Number of protein chains: 4
Amino acid sequence: MKAKVLINGYGSIGKRVADAVSAQKDMEVIGVTKTKPDFDAKLATELGYKLYCAIPDKERVKAFEEAGIPIEGTILDVIEEADIVVDGAPKKVGKENLEKIYKPNKVKAILQGGEKAKDVEDNFNALWSYERCYGKSYVRVVSCNTTGLCRILYALKDFGIKKARVVLVRRGADPNDDKTGPINAIKPNPVTVPSHHGPDVVSVVPELKDKIITSAVIVPTTLMHQHTLMVEVESEVKREDILEKINETPRIILVREKEGFSSTAKIIEFARDLGRKRYDLPELCVWEESVNTLGNEIFLMQAVHQESIVVPENIDCIRAMLEMEDDKFKSIEKTNKALNLIK
Amino acid sequence: MKAKVLINGYGSIGKRVADAVSAQKDMEVIGVTKTKPDFDAKLATELGYKLYCAIPDKERVKAFEEAGIPIEGTILDVIEEADIVVDGAPKKVGKENLEKIYKPNKVKAILQGGEKAKDVEDNFNALWSYERCYGKSYVRVVSCNTTGLCRILYALKDFGIKKARVVLVRRGADPNDDKTGPINAIKPNPVTVPSHHGPDVVSVVPELKDKIITSAVIVPTTLMHQHTLMVEVESEVKREDILEKINETPRIILVREKEGFSSTAKIIEFARDLGRKRYDLPELCVWEESVNTLGNEIFLMQAVHQESIVVPENIDCIRAMLEMEDDKFKSIEKTNKALNLIK
Amino acid sequence: MKAKVLINGYGSIGKRVADAVSAQKDMEVIGVTKTKPDFDAKLATELGYKLYCAIPDKERVKAFEEAGIPIEGTILDVIEEADIVVDGAPKKVGKENLEKIYKPNKVKAILQGGEKAKDVEDNFNALWSYERCYGKSYVRVVSCNTTGLCRILYALKDFGIKKARVVLVRRGADPNDDKTGPINAIKPNPVTVPSHHGPDVVSVVPELKDKIITSAVIVPTTLMHQHTLMVEVESEVKREDILEKINETPRIILVREKEGFSSTAKIIEFARDLGRKRYDLPELCVWEESVNTLGNEIFLMQAVHQESIVVPENIDCIRAMLEMEDDKFKSIEKTNKALNLIK
Amino acid sequence: MKAKVLINGYGSIGKRVADAVSAQKDMEVIGVTKTKPDFDAKLATELGYKLYCAIPDKERVKAFEEAGIPIEGTILDVIEEADIVVDGAPKKVGKENLEKIYKPNKVKAILQGGEKAKDVEDNFNALWSYERCYGKSYVRVVSCNTTGLCRILYALKDFGIKKARVVLVRRGADPNDDKTGPINAIKPNPVTVPSHHGPDVVSVVPELKDKIITSAVIVPTTLMHQHTLMVEVESEVKREDILEKINETPRIILVREKEGFSSTAKIIEFARDLGRKRYDLPELCVWEESVNTLGNEIFLMQAVHQESIVVPENIDCIRAMLEMEDDKFKSIEKTNKALNLIK
Ligand SMILES: NC(=O)c1ccc[n+]([C@@H]2O[C@H](COP(=O)([O-])OP(=O)(O)OC[C@H]3O[C@@H](n4cnc5c(N)ncnc54)[C@H](O)[C@@H]3O)[C@@H](O)[C@H]2O)c1
Ligand SMILES: NC(=O)c1ccc[n+]([C@@H]2O[C@H](COP(=O)([O-])OP(=O)(O)OC[C@H]3O[C@@H](n4cnc5c(N)ncnc54)[C@H](O)[C@@H]3O)[C@@H](O)[C@H]2O)c1
Ligand SMILES: NC(=O)c1ccc[n+]([C@@H]2O[C@H](COP(=O)([O-])OP(=O)(O)OC[C@H]3O[C@@H](n4cnc5c(N)ncnc54)[C@H](O)[C@@H]3O)[C@@H](O)[C@H]2O)c1
Ligand SMILES: NC(=O)c1ccc[n+]([C@@H]2O[C@H](COP(=O)([O-])OP(=O)(O)OC[C@H]3O[C@@H](n4cnc5c(N)ncnc54)[C@H](O)[C@@H]3O)[C@@H](O)[C@H]2O)c1
């Protein structure tokens, strides 16, 4: 029997997780929810998803009817069937949903990176905390930036991380967001250093406590985040060893400027050419030329496709929470294969 | 026997036409050319395209070898096999290729919108000049903006176009172009009014001579062009009649702001959600709410996906030039079906 | 005695009007208001303006004290002294202020373009409605886009305007706004055609009723708006005649692409080089090369510096409402001279 | 007698240095050069600068005449009068000018940051290498980014810099550049880490050899560069001590997010409100909230106005090279006072 997954909040993350669940052999989507009858809602039904109104409210239900988009009811009509809910609601709403809907209805739930570490039982990254989240009920898949950092730090962990310094250059808005700026500015966000991204990594990897310092700015681009890492490790290390570790680590790929990858725009062009749906690139991209060492310090630059990097993590998180597969690498492999990831 | 198509210049347009040719039953790609061994070259070979060096030059051939990307030779090694070449070289280079390669090698050729009307035998739009280009040897598929205008004017033609006034708001660069600006400016381009876009439409539709006035600016966006049309017609016309005509015309779709299509960004999100390769949207998009009339004047706004709108036109152009199908609507239907267009 | 002007809302427009009032011989700023103690508030006091809290609220007053920025009280402590208030509050708040503060306190008031025509006695543009607003109590200085249109239509009026068609390409946000987007999209705004800009012009120039059709989009730039005009007039007209009329009209200047004015960015560079405070350019800029005629239709492109174009209009409006000068051209001349405008 | 300064290349840097020289009591501009008769050339003559053609070429001279912009001759007609030339030519052209014009004509010359350290006698920053450049003939004022780094490292130097790690987020193009992108991408530039900015700092401050590691990306903004610094020092250090040092260091100011400085856009708004010509802000801006310490590591974020930060440095460099003032702090004070800098 397939695990029954309900997607609550069919937005940027929700719609991708829905498609990723559908691509797996061991799970299925029993429904997706929307708050408004827009083109995404329509497409959901065309893809065969059963559509529910995310908010049990008459006016909202009527809006779907008026728009000619058939819904099956509200979330309350389907929640009992679910083995697990993947929450894709906006920042902070996930926590509300957890308290008001998931807990009272005794259904397991995955929250996303917009929620706080302290509001869940544990924090998920497939490489670092799969075992820890095994069988748990309320887990958060960490944010896109944190997921990217967790992956690369996993690749570097055997060198003995003493201090990781990271500057994050964040995209200002997702590509489908036509309201948020800035149009022409660089914004420290937060203006305090270190930023919260370090502690967020620590929520997944407690052993990095006091060992990761992050700082972040927001810039006027929509495609990807970019990170620069400067990581001091226990002893001297060679560039080739790092490249080897990166090659061994799932869901990280190397891109080369000399092959045309001169920017995040070119990486996205590559993903488009690959034929990925929505040009998704859940693989973390490290610029090969940027990988370097000086004594016991490692340098590199990476790019994170914010819209999709957490999608395979949500799939693995489902398997862990529902105890469907106890070997994290097997889950990762199943997920990657179903999603046709490069590795 | 399938028509043998050579793609000379596997760039933004070339790679899309290659995939579109491959999707048809009556034609096949016998080779694609690149000038440099970048990731696009690599992906071409992975897709099974035979790769040739676009420029018969030893140094360039060597560069492919050194990059470990196998090529079959240069364009001169394959040109004789071709029934037709689709030129996808940069602006102005197409004309050079025509004179130096296609004509001497007596192969039919399609040039793109970056070339001039006067350098070819005729100018192609599937709706307007399919019959005229039938059997011809050197034809230009007009630019993305001109193609968008030709389509909508076809939908409006039965109302008797007296004067079409159009302002084009053009994307500054394609999404994969990380060099071209502007970052923060609006540029009249050209600064003279009327712009050359009107005469370019006339190269396809001579009967519109002196009846179309265009003006254009460039703005800092990469996704789509946007056009505002104000079209005086012979007599009073009703909004519903225009919507009906648009609905009847192939390759034009209506989008509604009230369903979430508030900008070009949302239209592209829709194309991504549709699962289109590279989020291509060859269909011209007209905002339904913008369609309006006052007396005998029609108003509307439309968006043009510059990277893909000419792709199905290239396919129909091949059929016309090689006399493979004498009914334009049948060709359009074949193309649309193979490319899975909405209509 | 100088006219006593209170600036309520020392934001983008308010701070410029304050400086412009101070530059005149016949009026003075008796106070400016802010809602928050930010760097603009601090600079206001450093410039010698008496600062008041815009909202009579204890918490807000305390915030100024805590920030170490001395204020003189709240708006209610100064309003009685004022001969006129220039409202610079955000869109829609101006109307509230009118009803709740200005009318009850029986003080004349100028509202800005974010308010509605119907909420005031009349609508002001120095060239068109100076006389009409003479002595009135509640007048709106129309928006930046409308002001730009009014000026150019004044220059063209003697040719007998039959139908003006205009497409407005609007800046997405002001340069100091780091929150508003879009980052990468073109947004029809409004999506309906014609847009409200035509009726807004008519609120100033009733004789243009049914003679002006506008349409607008928003793009990711901060510097200026751009307009393309296509204007049918009574009879055939020569390019030179239009250039002459433009040259005769106050507050319009011609810029030439061949002298380097290839975009709004270059126009702003010019204003910076002129040494204008805040690079303000209240003069409407028409691209000389764009001015053209075909039969009895006129074409041209212009750029509007949204932050400053209405500033001299506010000054003239004060003179009209307070009956300080009954010849509009004399007021315009005084204002221009004090502000060092080109013409 | 005032020092006679020739500005060769009246572009972004050249025009600012010209104005800054004119503002000093002990030096004067004897001429400025341009290659083309654009609006900047015209404004130069309106400001009273004697204009020369930068390239001794008949065609170019004629172009000025045809445009109606009077020139005094070519650079060769004025070079002998000059005590020193400030070169403001584009990247790499400065070196050519040095070899072909300045050295043969035995005139001292200042090159800008686009040139290489090895092509000059020494590299200038007022705080670090004033004495070293005293009396020298061919000196480079380092780039905007390097100048910003030199200043902040001077403020931190007494804490004993062990290792400075810096990530630079660079503006993609200057505001008046309407050709250069990217429009929507983050570009590692260079893609290798460390970048050349560290060695460039070392060209000014040799004692920092092996102690500064930099990495840089380019983003779609025009206003300012942004830097994040993480600096390990000899021993534990307190935040207040850093703020104090910053306060003591000339040409660095603190800005506070809580006062509204949430981004580079707000900093530029502040400079506009100050009434600075061209909104120039040669002062390095450090976000006060970002200044922090953890043990013996210092963190901070700063913003660099690329167009103007090197301007006062050029003035001091003139004084040093012409041996006009032997105390760097006195020169800095004179310059700052004449330019009305905050400090
Ligand atoms: N977009 C990203 O780049 C990204 C990356 C990683 C994590 N996240 C996190 O994922 C979560 C979702 O973000 P997103 O970008 O997909 O947002 P989104 O705005 O694209 O989608 C949110 C969806 O939730 C729906 N919704 C609104 N209220 C709801 C409610 N009360 N209950 C259920 N659904 C509701 C909305 O209709 C919308 O479809 C956030 O926590 C965010 O921080 C986002
Ligand atoms: N990109 C668009 O939005 C768009 C839309 C419609 C029409 N067009 C037109 O299509 C044509 C191609 O434009 P594009 O955007 O695909 O350009 P592109 O730069 O993406 O691709 C051009 C390709 O041609 C190759 N090339 C370079 N020199 C060549 C040569 N001598 N011979 C053969 N190939 C060569 C390049 O390697 C590159 O792969 C132009 O005429 C352009 O105006 C472009
Ligand atoms: N910015 C432009 O491009 C532009 C151009 C023409 C007209 N306008 C119009 O001018 C008006 C002001 O716009 P802006 O761009 O200067 O806005 P802004 O946001 O820059 O400034 C508004 C100011 O009003 C203050 N304020 C807020 N609430 C207030 C209240 N209740 N009473 C008094 N002041 C209050 C704010 O603190 C702020 O200083 C709007 O009607 C707008 O539509 C703006
Ligand atoms: N713009 C910045 O942000 C910035 C900051 C610091 C340093 N710099 C450096 O300053 C130098 C100038 O840069 P810019 O931004 O002012 O460039 P710019 O393009 O704005 O100006 C260059 C000027 O040099 C003129 N010129 C061209 N060829 C010339 C020649 N052969 N001889 C003399 N003049 C010639 C051009 O006409 C133009 O006026 C470069 O080395 C650059 O790296 C620039």
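Start by selecting ligand 2 together with the 21 residues around it, counted as near when one of their heavy atoms lies within 4 Å, and among these B:Ser12, B:Ile13, B:Thr35, B:Gly114 and B:Asp174 come nearest. This is a predicted model, in which local features need pLDDT of at least 70 and side-chain atom pairs count only at pLDDT 80 or more, while totals for chains, interfaces and linings use all residues. Residues are numbered from 1 along each chain as its sequence is written, chains are lettered from A and ligands numbered from 1 in the order in which they are written, and side-chain values use heavy atoms, with hydrogens and water left out.

Next, colour chain B by domain, with bounds from an automatic or database domain assignment: domain 1 (3–142 + 310–339) and domain 2 (144–304) of chain B both give residues to the shell around ligand 2, so the ligand lies between them.

Now show the polar contacts, meaning pairs of N or O atoms within 3.5 Å. An oxygen atom of ligand 2 lies 3.1 Å from a side-chain N or O atom of B:Arg171, a nitrogen atom of ligand 2 lies 3.3 Å from a polar side-chain atom of B:Asn97, and a backbone N or O atom of B:Gly11 lies 3.4 Å from an oxygen atom of ligand 2. Taken alone, ligand 2 exposes 830 Å², of which the protein buries 81%, with accessible areas from the Shrake-Rupley method and a 1.4 Å probe.

Finally, select helix H1 (12–23) and helix H4 (93–102) of chain B, each of which supplies at least two residues of that shell, helices being DSSP runs (H or I) of at least four residues, numbered from the N terminus.

How values were computed:
A polar contact is a pair of N or O atoms within 3.5 Å; within protein, one must be able to donate a hydrogen and the other to accept it, and residues adjacent in sequence count only if both atoms are side-chain atoms.
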